Amino acid sequence: MPVVSPETYLAGLNPAQRDAVLLTEGPVLVIAGAGSGKTRVLTHRVAHLIGAVGAKANEILAITFTNRAADEMRTRLWDLLEDDARGLWVLTFHATCGRILRREAAHLGYKTNFTIYDQADQVRLVKNVLEELERDTKRFVPRGIHAQISNAKNQLVSPDAYRERVASFYDQTVADVYDLYQRRLHAANAVDFDDLLMLTVDVLERFPEAREKWQKAFRYVLVDEYQDTNHAQYRLLQLLAQRHLNLFAVGDPDQSIYAFRGADIRNIMEFERDFPGTQTIALEQNYRSTNAILGAANALIRNNTERKEKNLFSDLGIGDPVRVIELEDEHAEARFVAVEIARLVEEGFNGDEIAVFYRTNAQSRVLEDVLVRQGIAYQVIGGPRFYERAEVKDLIAYLQVLDNPFDTVSLLRIANRPRRGIGDTSIGRLQTYANGHGISFWEALEFPEQAGLAAASTRAVNGLRTLILALQSDLDRPVAGIVEDVLQRSGYTESLEAERTVEAQGRLENLQELVSVAREYQEQAEEPSLSSFLQEISLYSDQDALRGESSLVTLMTLHNAKGLEFRAVFMIGLEEGIFPHARSIEEQSLEEERRLCYVGLTRAQERLTLLHASSRALYGGRTYNIASRFLDELPDEHVERERLAPTSWKARSPAPPIAPRTDVPTLSTGDSVRHGTLGEGVVTRIEAGGVVTVRFSGDGSERRLVLDYAPLEKIAS
DNA sequence: ACTCATCGATTTTTT
DNA sequence: ATCGATGAGT
């Protein structure tokens, strides 16, 4: 029996949202403006499908791009439907394909426990292949070649098809690398992120019984952020929805900002043509921002030609005017932002209701310096991720090798980590031997002498092989136990402990964190196994699980801001060359750049401040930029423009009245400290001017603090 | 195998 | 200015 009734899930929806929930049959396109309640529509539609249409949970597939979006939708669905949500497919594109591909792997000659290579693994494999083909890695930069291959896959271009359209010598090399890269992946029983999509499409296209099975399985397919789909994703949806034709796509062409990674705005622009009989609904009522902010956003985006006409409005009043402010240079800009943040806080804003957006990551530095000195607690989104840290990747590589020793990239990674006397020369000889005998690197480990290794190296290789075999002999047990065993028996923990440095300490903590992840997995998984654990974490490299702090001001790039909202938003560096970025101007992708600006503006609920500096330090020199054309495109109505001379604004707003403490502790690197609100941590760096960096053990985060103001006390050295 | 110096590039990012 | 990668030297 459904727990929700129509009265519950239709209450509080506006007419357009209601249509989007109730039009269940046939293709539907929802043009969802920023802040128009699209997640609400998606979740309530699922509730309606289950509660009133009689769809079974496992007949509904709801696809998102990020784990964060999938998690949010899943949580809201469980709140709404409780047990009726059991069996729903609420997954990212990649997780969906991973699940389909596991069951169809045999069609492609893969085993079900295939390994998924992340970006770094992929580039490393490209590099290996380049070396194997004896190409100059100076002329052929692995990253660049990899990008070409990735693009090809996003376009569903196979190695053979790529070879046919080669137009230059460079292309010829890419074709050669692509071909061998694909064969190496297959031999390693591994796929990369792009393969998850491309191979799933391949299976569905080439095997009719598989196609029919999955087409029948999903009576209703819902997709979020449709404007960000690439060609492969488009084709996947087309295939999956072909039978029932109940494809529900939600998106906003004005928020398409990922063309550079293959997103094709034409997918949403031409949805109605691609899916005849489409019913289109526009959600234009915004529940987030004041009309001053929406007016600025509407006016800006009207300068784009490639869009679907739409005008956002809200009933939240006009609100405060949008401020456009010119300052002397990037330091003045940063100081201004810091002072304004302090004011907002005095006014009653919480730190986590405030955000600063910038176009490029490099712009955060000056800002951070000033915020640290002003004692404003902040977090930067987009730093190094947990699963990408070297030690975490090492440990995962060990686990991958245990599960799938043919995974050569992982095996090469751990072969000499910790150091066990298997150097580059030995590795090279083993690789040559493997290639010469048509066997895998793993199999070559059996014949170190034949490969021409010296006695000491032979012993080391035998040791590695014995270690792996021993660990492999007992894999049917809780994953956390395996992980701990790997750490002990590989000597990894030991070698880190021997370092006796703060960095090593932090790495050990990260590894412990992974043990905890394994423990949690064991409790939550339906059928826990090493293979499935690895699958889960290869597609879940989100940092969001590890953040979520109390009252911190958020700093991030505009790209990272999509989908979020803040009461007060600052956007810095609105200058020609910075934003729009010089590269975008060259590449004539100004419309996308303008959409990025639109995304930024529409994140703000109440206060929006746009800044630009007359001069700015860049690449060692100093540039003098004119104001961004986007600022010229804003209306005069409800927009207030000011130009602040170097000192004029300082007088109006003195630095926040925080008295320096008198009992400043003396610290050195490696000291353990306790922070009033952030808990315990270790000092990892000391800078001039009384700034220390502390790594907190609570969440593993690092934070820069000013000794004079931070509530820090020393607990041990 | 590790450290140091030099060269080059330098938008955005998820899975 | 700064980060990263590469190559030479210890």
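These are my notebook entries on the DNA surfaces, a pocket, a cavity and one buried aspartate of this predicted model.

**Conventions.** I worked from a predicted model, in which local features need pLDDT of at least 70 and side-chain atom pairs count only at pLDDT 80 or more, while totals for chains, interfaces and linings use all residues. Residues are numbered from 1 along each chain as its sequence is written, chains are lettered from A and ligands numbered from 1 in the order in which they are written, and side-chain values use heavy atoms, with hydrogens and water left out.

**Entry 1: DNA strand B.** I looked up the residues near this strand, taking as near any residue with a heavy atom within 4 Å of it. I found 27 residues around DNA strand B, the closest being Asn-67, Arg-359, Arg-385, Arg-419 and Thr-557. Of the strand B atoms that come within 4 Å of the protein, 61% belong to sugar and phosphate. I sorted the residues of this surface into 6 nonpolar, 13 polar and 8 charged; here Ala, Val, Leu, Ile, Met, Phe, Trp, Tyr, Cys and Pro count as nonpolar, Asp, Glu, Lys and Arg as charged, and the others, Gly among them, as polar.

I then noted individual distances to strand B. Asn-416 places a polar side-chain atom 3.3 Å from a phosphate oxygen of the strand, and Arg-583 places one 3.2 Å from a phosphate oxygen. For Glu-587, the partner of the polar side-chain atom is a base oxygen, at 3.3 Å.

**Entry 2: DNA strand C.** Around this strand I recorded Lys-138, Arg-365, Tyr-619 and Gly-620. Sugar and phosphate make up 45% of the strand C atoms that come within 4 Å of the protein. An N or O atom in the side chain of Arg-365 is 3.4 Å from a phosphate oxygen of strand C. By class, I counted 1 nonpolar, 1 polar and 2 charged residues on this surface.

**Entry 3: Asp-394.** I located Asp-394 in helix H18 (residues 390–403); helices (H or I, at least four residues) and strands (E, at least two) are DSSP runs, numbered from the N terminus. Is Asp-394 buried or exposed? Asp-394 has a relative accessible area of 2% and is therefore buried (under 20%, against over 50% for exposed and in between for partly exposed, with a 1.4 Å probe and protein chains only).

I checked its polar contacts (N or O atoms within 3.5 Å; within protein, one able to donate a hydrogen and the other to accept it, residues adjacent in sequence counting only if both atoms are side-chain atoms). The side chain of Asp-394 makes such a contact with the side chain of Arg-413 at 2.7 Å and with that of Arg-417 at 3.1 Å. Leaving aside neighbours within four places in sequence, I listed Arg-413, Ile-414, Arg-417 and Tyr-492 in contact with Asp-394 (heavy atoms within 4.5 Å).

**Entry 4: the largest cavity.** I searched a 1 Å grid over the protein atoms alone, where a cavity is a set of points that a 1.4 Å probe fits but cannot leave, a pocket is an open set with protein on both sides within 12 Å along at least five of seven lines, and lining residues have an atom within 4 Å of a point. Grid points are joined across faces, edges and corners, and a volume is the space filled by probe spheres set on the points.

I found 1 cavity of 30 Å³ or more, and the largest cavity holds about 50 Å³. Its lining includes Arg-102, Gln-400 and Asp-403. H26 gives the most to this lining, with 4 residues.

**Entry 5: the second largest pocket.** I noted a volume of about 1,800 Å³. The pocket is lined by 44 residues, of which Arg-74, Leu-91, Arg-99, Gln-524 and Glu-536 are closest to its centre. H4 supplies the largest share, 6 residues.
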